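Please look through the structure shown here, beginning with the chain as a whole and ending with the surface between chains.

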Amino acid sequence: MKTMTVDQALNEALAEEMRRDPRVIAFGEGVATKGIQLVEEFGPKRVRNTPLAEGIIAGTAAGAAATGLRPVIDLLFAPFLTFAMEEIVNSAGKLRFISGGQFSFPMVAIARTGAGWGVGAQHNHNLESWFVSSPGLKVVMPSTAADFKGLLKSAIRDDNPVVFFMDIGLIYQPGEVPDGDHVVPIGKAAVRREGSDVTLISYAKTVHTCVAAAEALAEQGVSAEVLDLRSLKPLDEDAILASVKKTGRAIVVHEAAGPCGVGAEISAILVEKAFGALKAPVVRLTGPDAPAAASFPLEAAYVPQSDAIVAAALRGMAVH
Amino acid sequence: MTIMETVVERSAAAEALETMLTIRAFEEQSAALNAAGKIGSVCTSVGQEASAVGVVSALQGHDLILTNHRSAGHLIARGADPGRILAEISGKATGYCKGKSGSLHISIKELGVVLTSTIVGGELSLAPGVGLSLSMQDTDAIAVVFFGDGAATEGIFHEALNIAAVWELPVLFVCENNQWQAFVHRKETMLTDHVSEWAGKFGMPAVTVDGNDVEAVNAAAKDAVAYVRRNRKPYFLETYTYRLRGHLEPDDQAYVNKDELASWKSKDPIATLEARLLGDGALTIIELEEMKARVREAIESAAAFAEASPYPSFDEMTTDVYA
């Protein structure tokens with residue numbers, strides 16, 4: 001085990017994969033500027049700066065992916081993905097199907113989002129569910145340094161386009177990362193804390209909020225399980241159902257706004273497939289249907305808080 | 001010119017004519033199938049056959065092509081089987097994309113026709129990446145991307161040309177300026193007659209050629225291909241032509257200026273080439289009639305193949321989504 005920040009874990013993952021596979025290349029806004037060591041080791045052809053033009057960055061990645069390379073692109077902030085939606089959604093996501101399976105698009109698009117830097121709504125917008133709704137794409141959003149490393153390695157090795165979201169609030173968080181070729185499979189959730197009364201389901205930084213809430217609940221005699229989704233598509237339905245069938249209660253927590261979000265999807269899955277096991281209504285705790293404010297207090301308040309999770313869990317316990 | 005060279009040139013021109021006639025017959029067959037209610041809408045390339053044939057015949061087998069919704073000419077010129085294209089357009093399992101593409105985004109990997117996008121400008125967004133792949137391999141292959149004047153008004157046009165120039169990517173940009181952007185005339189959306197005037201500003205050679213003269217297109221394309229192949233840098237070729245049918249089938253073209261249409265019909269690339277080859281004795285009327293009969297037969301047989309082909313099974317609806 002080594003302790004490193006999320007940022008360092010990602011760099012290590014990228015360097016290891018570039019060493020492992022000469023088809024892996026990295027480009028984006030400032031990728032070469034910030035990745036001097038990568039340029040030194042792999043050369044300026046495999047590590048490139050680009051113009052500030054997300055559409056052509058993503059399109060170039062899709063074209064390169066379909067013809068033999070495995071690009072990792074950095075699109076900086078998630079709202080900038082709106083400039084690359086055409087290339088990610090219409091090309092990378094659909095052209096495999098449209099071509100009858102003739103092409104695949106092994107590429108990773110990295111984007112940052114979430115509260116933490118006070119950058120405001122055009123740099124902070126948790127729009128991950130847009131991509132979950134788009135066929136042909138995989139979507140991951142890790143919460144720990146180990147998972148950032150392991151999931152980036154999986155994403156680079158995956159033959160499908162993967163949209164890789166980095167929660168801004170986690171970027172400089174240190175964490176323990178296993179030594180060696182640490183690979184975390186896409187599509188597998190992780191139980192962060194075991195419990196028997198209620199399942200707190202989350203991803204990215206609110207996983208840590210859920211763990212804090214679970215600790216507070218334990219003091220009040222409530223045993224909360226915390227499930228970290230890690231991948232939003234494919235979603236680990238088995239893990240969700242197994243946990244909620246055990247506890248009978250579910251609270252889904254995410255920073256992204258509620259309408260048609262991941263929480264809505266999970267609520268629907270639970271109602272369809274675990275209705276008989278539910279002892280209380282499924283609860284969603286999400287960010288509001290509003291752009292994220294830049295002001296630090298407002299930005300922080302946008303994110304679901306531990307107190308709200310505890311209160312929701314206690315309400316659920318009171319039902320039975 | 002030696003006698004041998006003259007013979008070769010004449011036979012190349014005759015071959016080009018036969019391919020152009022095949023494209024025209026194919027497009028008319030598609031339009032007829034649409035009119036008969038047998039297939040959905042299609043975007044034909046009638047009037048643009050010289051551009052497709054002139055450029056594609058200048059390529060080598062290992063070069064890669066990206067095209068768009070008006071692709072039948074490029075595909076047929078590349079040697080695609082009209083039967084399998086028609087099957088694709090008809091949504092049949094024997095189509096090149098198993099019937100999942102339809103007419104708008106047909107790709108044929110085995111012929112190097114990669115990544116057709118029907119989103120105007122989509123093909124341009126993908127082309128630099130294909131060039132990037134080639135630039136990192138030990139190959140002299142080049143990428144060629146076909147798009148129209150409509151795509152040139154998209155922001156991605158500028159992004160694509162710029163990155164191809166800055167990164168020195170082996171991409172030949174072919175703008176088929178057919179004067180129409182869906183239902184809007186080019187003159188309403190751009191203040192330049194020639195898209196090459198814009199392209200030249202990005203730091204690459206940019207040339208406009210008469211897109212209705214297949215031999216002129218072919219000569220210009222050979223120069224362009226040789227430049228890209230040798231220098232591993234982009235080149236811009238504009239084929240100035242005209243969309244003789246509507247944006248999509250059916251389209252009564254009520255919005256098209258009659259005089260303009262008549263003027264371009266008088267410059268029909270096929271009629272022009274036929275007249276020239278007959279006029280200078282490179283082709284006899286009998287040979288032309290035989291050629292037309294071969295083309296008719298090929299398209300009839302293609303239509304029969306498509307008609308007889310099965311639709312895909314329903315499980316194809318959810319396959320090929322993920323690798």
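Two residues are taken to be in contact if their C-beta atoms, placed from the backbone, lie within 7 Å. With that in mind, and remembering that this is a predicted model, one can follow how the helices are laid against the strands. Helix H4 of chain A, residues 54–66, lies across strands E2 (24–28), E4 (70–77) and E5 (108–113) of chain A, and runs at about 165 degrees to E4(A). Helix H8 of chain A, residues 145–157, lies across E2, E4, E5, E6 and E7 of chain A, and its direction makes an angle of about 160 degrees with E7(A).

The strands just named belong to an open sheet of 7 strands in chain A, ordered E3-E2-E4-E5-E7-E6-E12, in which the pairing is mixed. Its edges are formed by strand E3 (47–49) and strand E12 (231–233) of chain A, each of which pairs on one side only. On average, and with direction ignored, neighbouring strands of this sheet are turned by 20 degrees against each other. Within the sheet, strand E6 (residues 138–140) and strand E7 (residues 162–167) of chain A run parallel and are joined by 3 bridges, with Val139(A) standing opposite Val163(A) in E7(A).

Another helix to examine is H9 of chain A, whose 14 residues (206–219) should span 20 Å at 1.5 Å a residue, which agrees with the 20 Å between its end C-alpha atoms. Among the buried residues of H9(A) are Thr206(A), His208(A), Cys210(A), Ala213(A), Ala214(A) and Leu217(A). The elements that cover them include strands E9 (190–193), E10 (198–202), E11 (224–228) and E13 (250–257), together with helix H13 (306–319), of chain A. After H9(A) comes Gly221(A), whose phi is positive, near 85 degrees.

Taken as a whole, chain A holds 13 helices and 14 strands. Its radius of gyration is 20 Å, close to the 20 Å that the globule rule gives for 320 residues, so chain A is as compact as a globular protein of that length. Buried residues make up 58% of the 320 residues in chain A, and of the contacts in this chain with a separation of 6 or more, 77% come from residues 24 or more positions apart.

There remains the surface between chains, where 33 residues of chain A are in contact with 32 residues of chain B. On the side of chain A that touches chain B, H4, helix H5 (85–92) and helix H6 (95–98) of chain A each supply at least two residues, and the largest share, 9 residues, comes from H4(A). The residues of this side divide into 13 nonpolar, 15 polar and 5 charged.

Conventions
Residues numbered from 1 in each chain as written. Chains lettered and ligands numbered in written order. Predicted model: local features only at pLDDT ≥ 70, side-chain atom pairs only at ≥ 80, totals over all residues. Helix = DSSP H or I, 4+ residues; strand = E, 2+ residues; numbered from the N terminus. Expected span 1.5 Å × (residues − 1). Buried ≥ 20, exposed ≤ 12 C-beta atoms within 10 Å, placed from the backbone. Pairing = 2+ DSSP bridges. Axes fitted to C-alpha atoms, helices over the stretch in contact; angles between N-to-C directions. Nonpolar A, V, L, I, M, F, W, Y, C, P; charged D, E, K, R; others polar. Rg over C-alpha atoms; globule rule 2.2 N^0.38 Å.
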